[in-house]
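Here is a short briefing on a structure that may be new to you. Please look through the sequence and the model, then read the points below.

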Amino acid sequence: MAVALILVLVAIGSVVFHLVSPWWWTPIASNWRYIDSTIIITFWITGAVFVAVVLFMAYCIYRFRHQSDRQAHYEPENKRLEWWLTIVTGLGVAAMLAPGLFVWRQFITVPDDATDIEVFGQQWQWSFRLPGADGRLGTSDTRLISPDNPLGLNKDDPKSHDDVVIEGGELHLPVGKPVKALLRSADVLHDFYVPEFRAKMDMVPGQISYIWFTPTRTGEYEILCAELCGVGHPQMRGKVIVQEASDYQAWLQDQASRNFARLVPAAN
Amino acid sequence: MVDMPLGPAGVGVPADVEDVELYHPHSWVTKYVFSQDAKVIAIQYSFVALSVGLIALVLSWLMRLQLGFPGVFSFIDANAYYQFITMHGMMMVVYVLTALFLGGFGNYLIPLMVGARDMVFPYVNMLSFWVYLLAVLVLVGSFFAPGGPTGAGWTLYPPQAILSGTPGGQEWGIIMMLVSLMIFIIGFTMGGLNYVVTVLQARARGMTLMRMPLTVWGIFTASFMALLAFPALFVGAVMMLFDRIFGTSFFMPAIVEMGQPLERNGGSPLLFQHLFWFFGHPEVYIVALPAFGIVSDLISTHARRNIFGYRMMVWALLAIGALSFVVWAHHMYVSGMNPYFGFFFATTTLIIAVPTAIKVYNWILTLWRGNIHLTVPMLFALAFIVTFVNGGLTGLFLGNVVVDVPLSDTMFVVAHFHMVMGVAPILVIFGAIYHWYPKVTGRMLDDTLGKIHFWVTFLGAYAIFFPMHYLGLMGIPRRYYELGEMAFVPPSAHTLNAFITIVALIVGATQLVFVFNLFWSLRHGRPSGGNPWRATTLEWQTPETPPPHGNWGKDLPVVYRWAYDYSVPGADQDFLPQNQPGITRAAPGSLHG
């Protein structure tokens, strides 16, 4: 009796905890509402299964508890019941997988009007590169990295000449415009993670990975590293500031002129 | 053996192979130390694995102290913290759970449950344990090496695992870890071949494959998988060792480390991740399948009811085993691999939920219309179902590629895998120890201490890991030495972290009750007799308890029925041992023969 009761409390307590938990996701600031919806669907389906299984167990424990005159029912198998359960499970799984794969296709299909930006990781700081007036990023190579060229840009590539490099600073993005973030690392694995964007992707030295998203809300959000990258891992923080298009343009102009000012003495 | 002709009553015709004389010990040393008896080897394996488990438990306390009360304990700096999490993870997954289920329970139960005198290669079996012990010593030795153990996380991802930004990366830590893993795999291979060949070749007459207890099926399938999966880790370890010691570039692309270019080029960090998870995912089921098997037998025995849908249970085990080799990259959805892989691996991963769900249904349908004895082993089995279902269902979040994106690398993942492959299998281990301790020692473990141990462990572990999911949902990343200032994290999250730490300390301390019970009951436990649970399987039918070397006395048992003849209508008691002749009812024998 006590055991059955405690199991009922575990099931109900879990549901109540879920409903009243003050610990919940951050308000979303990107276009990935579909991800949140898929999580909600998954919570409902899995929650129902969990409660059903635990309550059924509790019922059995109470109803079929040992009594001296009780004999268990002898029934090695029940084909119909087993197939029926298998089919229902298959349908439940499909109901979660189908929306999941549908949204995954969107997640990896970058829209044509997305702007390329670069996020660059190294132990233990974030840097960024934004395209200049030509709207394109130049090529780069880890082996070109030097004190004068912290991101290893290929200076022979004309597209790189107007690229705006922000070393260890803040990333600014215009609201409402899709962005394709090209992710690059100089040393070890890192992971570009902004909780409010629901987006996350590893940065792997020797290759370029990507994610795309559209910021939908102006504001300041934290960039965290989500792949253990050494002892400084928790200190690897950055900031992304989503602004109205006009504010963003003003900021970009300012950065470009600073970049230029920094490059001029080197050109001499 | 499978095609062995059966007589009219399902009894095998006499084997024409002579009973082979075992190597009987001649001294105390060959009996208790360098023993070739699988049962002694099982106890040696279990003792070492449980000791490593206690070390790993203390490590988990230390990391929880840091997470719950950051900065309070000055001896836990970032280096030490990462070393603790790495060693805790690797110890628990490989050196505790794998070693205990296969080396411990496998050695004890396989020969007894299939009616053999011993493993088929007793000498190799003995070597397996001593090689395992060496692997443990090397691993624990890395605590005392210059620079300490590696702090790369148990996944040991390069390039960071062998670079200076990671504890032990440029010192001894990572080398000792890789060498220890290689030794472990060599030792495991010796044991694993034994388990597989013994099940295939040394079963008693009449013990057809489809009459074997599910415990044997689970351990057999897991051993077979481990033999296929561990080589991938071995190869990865060799390559990383070359990268670390000889400066090769298997996993090392062009790297500029702290402003200094390294003389490496062309390697692929992702290659290691594929090798690691090709091992690492089957590894989850290498731990889970023996637990599935054991828990099936616990539930059936203590509910006095045949396991429901035995054949479906066997096929589900095999299906899970096979599928687990084609799901590995679900650990890598956000690794930067080709994103189109996501479609394939999400589909295979969610398909594996179907045979897994069948197992859960059959466990709870075994309770249905049973005659449930709430013994301590049964309590642990029931708690296993609750935690396994909970952890399995959150796997449907993480397996479903796009849902994994926000949750990956957060505390949600930590909560998920602890629930499903930490808490759940460990509850089975405890249940199994309470269940089989009488066979090993001839005495029962104390019931009251067992119940205290059970309730604190089950409810405590649930209270630790259930709320932890919600920290991850909020976005708190895992493997953070300290959260520091995070604008989106409210103060209440820190309170929850402190709560989790306190519960973890209590649950950890409660394990001392269990350890005390193990030693106290050796002398003071109630004498159990040979078959205290009135179970059907062969290990309970030995002529002596504890069984001596050779297990069966003069004659090997002959098996007449499947392992689940509980409460057979018309029988004069509520269980019919597998070696009891006389078919009171034809159905089960012919159905499963």
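Are H13(B) and H14(B) roughly parallel or roughly antiparallel to each other? H13(B) and H14(B) are roughly antiparallel, a label used for angles over 145 degrees, while angles under 35 degrees count as roughly parallel, 65 to 115 as roughly perpendicular and the rest as oblique. This is a predicted model, in which local features need pLDDT of at least 70 and side-chain atom pairs count only at pLDDT 80 or more, while totals for chains, interfaces and linings use all residues. Residues are numbered from 1 along each chain as its sequence is written, and chains are lettered from A and ligands numbered from 1 in the order in which they are written.

**Helix pairs in chain B**

- Helix H13 (residues 411–441) of chain B packs against helix H14 (residues 447–474) of chain B at an angle of about 170°. Their axes are 8 Å apart. Helices here are DSSP runs of H or I with at least four residues, strands are runs of E with at least two, and both are numbered from the N terminus. Axes are lines fitted to C-alpha atoms, for helices over the stretch in contact, and angles run from 0 to 180 degrees between N-to-C directions.
- The crossing of H13(B) and H14(B) is left-handed. That term applies if the near helix is turned anticlockwise from the far one by less than a right angle; clockwise gives right-handed.
- On the H13(B) side, the contact includes Phe412(B), Met419(B), Leu427(B) and Tyr434(B). On the H14(B) side, it includes Phe458(B), Phe465(B) and Leu473(B). Two residues are in contact if their C-beta atoms, placed from the backbone, lie within 7 Å.
- By class, the contact of H13(B) with H14(B) has 15 nonpolar, 4 polar and no charged residues. Ala, Val, Leu, Ile, Met, Phe, Trp, Tyr, Cys and Pro count as nonpolar, Asp, Glu, Lys and Arg as charged, and the others, Gly among them, as polar.
- Helix H10 (residues 353–367) of chain B and H11(B) have axes that come within 12 Å and cross at roughly 160°. H10(B) and H11(B) are therefore roughly antiparallel to each other. Their crossing is left-handed.
- Ala353(B), Thr356(B), Val360(B), Trp363(B) and Ile364(B) in H10(B) meet four residues listed in H11(B): Ile385(B), Val389(B), Gly392(B) and Leu396(B). This contact has 7 nonpolar, 2 polar and no charged residues.

**Where the chains meet**

- Chain B uses 99 residues to contact 80 residues of chain A.
- Helix H11 (residues 376–399) of chain B gives the largest share of the side that touches chain A, 9 residues.
- That side of chain B divides into 68 nonpolar, 22 polar and 9 charged residues.

**Domains of chain A**

- Chain A has domain 1 (2–65 + 80–108) and domain 2 (115–267). These bounds come from an automatic or database domain assignment.
- The centres of domain 1 and domain 2 of chain A, taken over C-alpha atoms, are separated by 38 Å.
- In chain A, 9 residues of domain 1 are in contact with 13 residues of domain 2. The domain 1 side has 5 nonpolar, 3 polar and 1 charged.

**Sheets of chain A**

- One open sheet has 5 strands in the order S3-S2-S1-S5-S8 (chain A), with mixed pairing. Two strands pair if DSSP finds at least two bridges between them.
- Its edge strands are S3 (164–167) and S8 (209–213) of chain A, and each pairs on one side only. Neighbouring strands of this sheet are turned by 20° against each other on average, direction ignored.
- Strand S2 (residues 125–130) of chain A runs antiparallel to S3(A), joined by 4 bridges. Arg129(A) has Val165(A) as its bridge partner in S3(A).
- Another open sheet has 5 strands in the order S4-S10-S9-S6-S7 (chain A), also with mixed pairing. Strand S4 (170–174) and strand S7 (199–203) of chain A each have a single partner strand, so one side of each is left without a neighbour in the sheet.
- S4(A) pairs with strand S10 (residues 237–243) of chain A in the parallel sense over 5 bridges. Leu171(A) has Val240(A) as its bridge partner in S10(A).

**Backbone details**

- A cis peptide bond joins Gln123(A) and Trp124(A), with omega about -5°. Trp124(A) lies in the loop between strand S1 (115–122) and S2 of chain A.
- The peptide bond from Pro158(B) to Pro159(B) is also cis, with omega near 0°.
- Asp409(B) is not a glycine, yet has a positive phi of about 65°. Asp409(B) sits in the loop between helix H12 (401–407) and H13 of chain B.
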